Amino acid sequence: NDLWEYALDARAWTQVVSAGVTAPPPRSDHSLIPLGNRMVVFGGLVPHEEVAGEVDCTFDSALHCFDLQRQRWSSLAVGGEHPRTRTGYAAIPCGGGVLIFGG
């Protein structure tokens, strides 16, 4: 659940530290969609604990947002109908929102 930025001119990686807000839990098979000065994280598998050598994971449908200017994570409220939890899907920015397909 760490966030890194690559600077093309410096050819170097720098870890981005969030301003006082905890990042979303670690995950795999999710999407990260750019929306203007924000990035939205959706879906994926979140590991919970290891049982008999196997990692127990759950699907996640929460929306998380990283504000690139303020360097701050937040959770986004979702009302009404929404997609089921998923992995292995495609996501793109569309207008002022996000379009997902598959999973």
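Two strands count as paired if DSSP finds at least two bridges between them, and this rule underlies several of the views described below, which show a predicted model.

**View 1. The whole protein, an arrangement of strands without helices.** The protein has 0 helices and 10 strands, so that reading along the sequence gives the pattern β-β-β-β-β-β-β-β-β-β. Its C-alpha atoms fill a box of roughly 45 × 35 × 25 Å when this is taken along the principal axes. Of the 103 residues in the protein, 23% are buried, while the area that the protein exposes comes to about 7200 Å², with carbon and sulfur atoms supplying 53% of it. Among the contacts between residues at least 6 apart in sequence, 42% join residues that are at least 24 apart. The protein carries 7 positive and 11 negative charges, and the mean positions of these two groups are 11 Å apart.

**View 2. Strand β4 and its two pairing partners, β3 and β7.** Strand β4 covers residues 38-42, and 4 of its 5 residues are buried, so this strand is largely enclosed by the rest of the structure. Strand β3, made of residues 31-35, pairs with β4 in the antiparallel sense over 5 bridges, and one of the residues to look for here is Ser31, whose bridge partner in β4 is Phe42. The two strands β3 and β4 form a hairpin with 2 residues between them, and in the turn Gly36 has a positive phi of about 65°. Strand β4 also pairs with β7 in the antiparallel sense, again over 5 bridges, and in this pairing Arg38 stands opposite Asp67 of β7. When following the side chains along these strands, it helps to recall that in a regular strand the side chains alternate between the two faces of the sheet.

**View 3. The surroundings of His64 in strand β7.** His64 is found in strand β7, which runs over residues 63-67. Is His64 buried or exposed? Its relative accessible area is 9%, and because buried means under 20%, His64 counts as buried. Leaving aside residues up to four places away in sequence, His64 touches Pro24, Pro25 and Arg27, then Met39, Val40 and Val41, and finally Trp73, Ser74 and Ser75.

**View 4. Cysteines that can be inspected for disulfides.** A disulfide is a covalent bond between the sulfur atoms of two cysteines. How many disulfides does the count come to in this model? The count comes to 0 disulfides, by the rule that a pair of cysteine sulfur atoms must lie within 2.5 Å. Cys65 is in no disulfide, since the nearest cysteine sulfur, which belongs to Cys94, is 17 Å away. Cys65 is buried, with a relative accessible area of 4%, whereas Cys57, at 33% relative accessibility, counts as partly exposed.

**View 5. Thr14 in strand β2 and the residues that it touches.** Thr14 has its place in strand β2, which consists of residues 12-16, and at 49% relative accessibility Thr14 counts as partly exposed. Which residues does Thr14 touch, not counting those up to four places away in sequence? Thr14 touches Leu3, Trp4 and Glu5. For Thr14 and Leu3, which are 11 residues apart along the chain, the C-alpha atoms are separated by 8.8 Å.

How values were computed. Residues numbered from 1 in each chain as written. Predicted model: local features only at pLDDT ≥ 70, side-chain atom pairs only at ≥ 80, totals over all residues. Heavy atoms only, no water. Helix = DSSP H or I, 4+ residues; strand = E, 2+ residues; numbered from the N terminus. Buried < 20%, exposed > 50% of the residue type's maximum accessible area, 1.4 Å probe, protein only. Contact = heavy atoms within 4.5 Å. Areas by Shrake-Rupley, 256 points an atom, 1.4 Å probe, with all protein chains shown as cover. Lys, Arg positive; Asp, Glu negative; His and termini not counted. Charge placed at Lys NZ, Arg CZ, Asp CG, Glu CD.
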